[in-house]
Amino acid sequence: MYWLRKYRGLVLYLAVIGCLTILLYYSFFRDLMHSWMTNEDYSHGFLILPISLFLVWRMRRELLAEDIQPHYGAGALLLLAWAFLYFIGTVGQIYTITAVSFILFLFGLAIFLAGFSITSHLIFPIAFLVFMMPVPSEMYTRLTNPMMLIVTTASTSILNMIGVPVFQEGNLISLPNYSMRVIQACSGIRSLISVSALALLMGYIMFHSNIKRFIIFIFAIPVAFIGNIVRVVVTALVAFYVSPAHAEGFSHSLAGIMTFMLSLGMISLGVVLLQWINPTRD
């Protein structure tokens with residue numbers, strides 16, 4: 001209760017912002033949650049907002065130590081830009097523009113009510129919310145097809161190298177006793193989104209250097225590909241040496257967990273290696 005009395009003004013600010021956000025973006029959040037529940041590519045979205053809120057809570061002492069110095073000019077400009085994007089996105093029902101307006105809304109309010117000093121601490125928690133939003137459909141299609149082909153080609157090459165007779169035709173991998181098609185779930189786009197979010201979060205928590213954070217974030221790209229290549233190769237090996245039935249069961253039940261754990265291990269190894277190469281007080 002003492003904390004509540006001491007920071008009564010701050011609590012009031014946060015309550016007003018929360019109510020205003022829900023009022024403006026209710027339909028947006030409803031559609032967002034529907035995507036998380038129905039599309040496995042974005043099921044990680046349920047974790048993003050709690051993680052961002054935790055990061056803000058984690059830096060609460062730094063935030064409360066800063067002086068509140070509202071910058072009405074810059075904040076008003078950002079909110080004006082937000083109003084334009086919000087109107088276009090809402091009236092035109094353009095999901096991507098509405099998503100961008102949401103991020104801009106949070107930054108605009110933070111600068112308008114608290115100023116640049118406090119907002120500088122909130123840059124990462126707010127920007128991290130991007131990962132809870134679906135990739136625009138056109139971009140998703142452009143990324144998925146070439147990624148599926150890369151994963152298929154690499155997996156076929158590895159299987160040939162270890163002596164498994166396999167033939168590739170587009171995204172189809174044919175074994176003597178089984179044929180498997182590399183679909184969107186195995187393309188790497190799902191892993192790329194979740195692993196990139198994981199790498200960015202680990203880099204932010206483990207390092208103070210933005211260069212190191214960027215290196216870990218970029219490292220997530222090959223990690224996502226390697227995880228899915230291993231997934232396809234192991235599924236093919238199970239089909240060839242055990243049975244196609246076991247391969248299908250593995251592909252749908254354990255493969256996703258295995259891919260994520262492998263990615264987590266490689267990202268963690270990258271963090272340790274980077275710290276070993278350039279030790280700091282991070």
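Contact here means heavy atoms within 4.5 Å. Keep that in mind as you click around, and remember that this is a predicted model.

**Stop 1: Met 202**

Start by selecting Met 202, which sits in helix H9, residues 189–206. Is Met 202 buried or exposed? With a relative accessible area of 16%, Met 202 is buried, because the cut-off for buried is under 20%. Now bring up its partners. Setting aside neighbours within four places in sequence, Met 202 is in contact with Phe 207, Leu 264, Ile 267, Ser 268 and Val 271. Draw a distance from Met 202 to Val 271, C-alpha to C-alpha: you should get 8.0 Å, for a pair 69 residues apart along the chain.

**Stop 2: Ser 155**

Next, jump to helix H8, residues 137–161, and pick out Ser 155. Ser 155 counts as buried, at 0% relative accessibility. Which residues touch Ser 155, once neighbours within four places in sequence are left aside? Show Ile 173, Ile 229, Val 232 and Val 233, and you have them.

**Stop 3: helix H5**

Select residues 72–91 for helix H5, which has 20 residues. From its first C-alpha to its last, H5 reaches 27 Å, close to the 28 Å expected at 1.5 Å a residue.

Now colour by burial. Ala 74, Gly 75, Leu 79, Trp 82, Tyr 86 and Gly 89 of H5 are buried. Look down the axis and you'll find these residues on the same side of H5, because they cover an arc of only 125° around it. The spacing has a simple background: an α-helix has 3.6 residues a turn, so residues three or four places apart point the same way.

Spin the view to the other side of H5, and the exposed set comes up: Leu 77, Leu 80, Phe 84, Phe 87 and Val 91. Before you leave, click on Gln 93, which follows H5 and has a positive phi, near 50°.

**Stop 4: H3 against H7**

Finally, show helix H3 (residues 45–58) together with helix H7 (residues 116–127). How do these two pack? Their axes are 8 Å apart, and the angle is about 165°. That makes H3 roughly antiparallel to H7, since angles over 145 degrees fall in that class. As for handedness, the crossing of H3 and H7 is right-handed.

To see the contact itself, turn on side chains for Ser 52, Leu 55 and Val 56 on the H3 side. Then add Leu 122, Phe 124 and Pro 125 of H7, which complete the contact.

How values were computed
Residues are numbered from 1 along each chain as its sequence is written. This is a predicted model: local features need pLDDT of at least 70, side-chain atom pairs count only at pLDDT 80 or more; totals for chains, interfaces and linings use all residues. Side-chain values use heavy atoms; hydrogens and water are left out. Helices (H or I, at least four residues) and strands (E, at least two) are DSSP runs, numbered from the N terminus. The expected span of a helix is 1.5 Å times one less than its number of residues. Buried means under 20% relative accessible area, exposed over 50%, partly exposed in between (1.4 Å probe, protein chains only). The arc is that of the directions from the helix axis to the C-beta atoms. Axes are lines fitted to C-alpha atoms, for helices over the stretch in contact, and angles run from 0 to 180 degrees between N-to-C directions. Angles under 35 degrees count as roughly parallel, over 145 as roughly antiparallel, 65 to 115 as roughly perpendicular and the rest as oblique. A crossing is left-handed if the near helix is turned anticlockwise from the far one by less than a right angle, and right-handed if clockwise.
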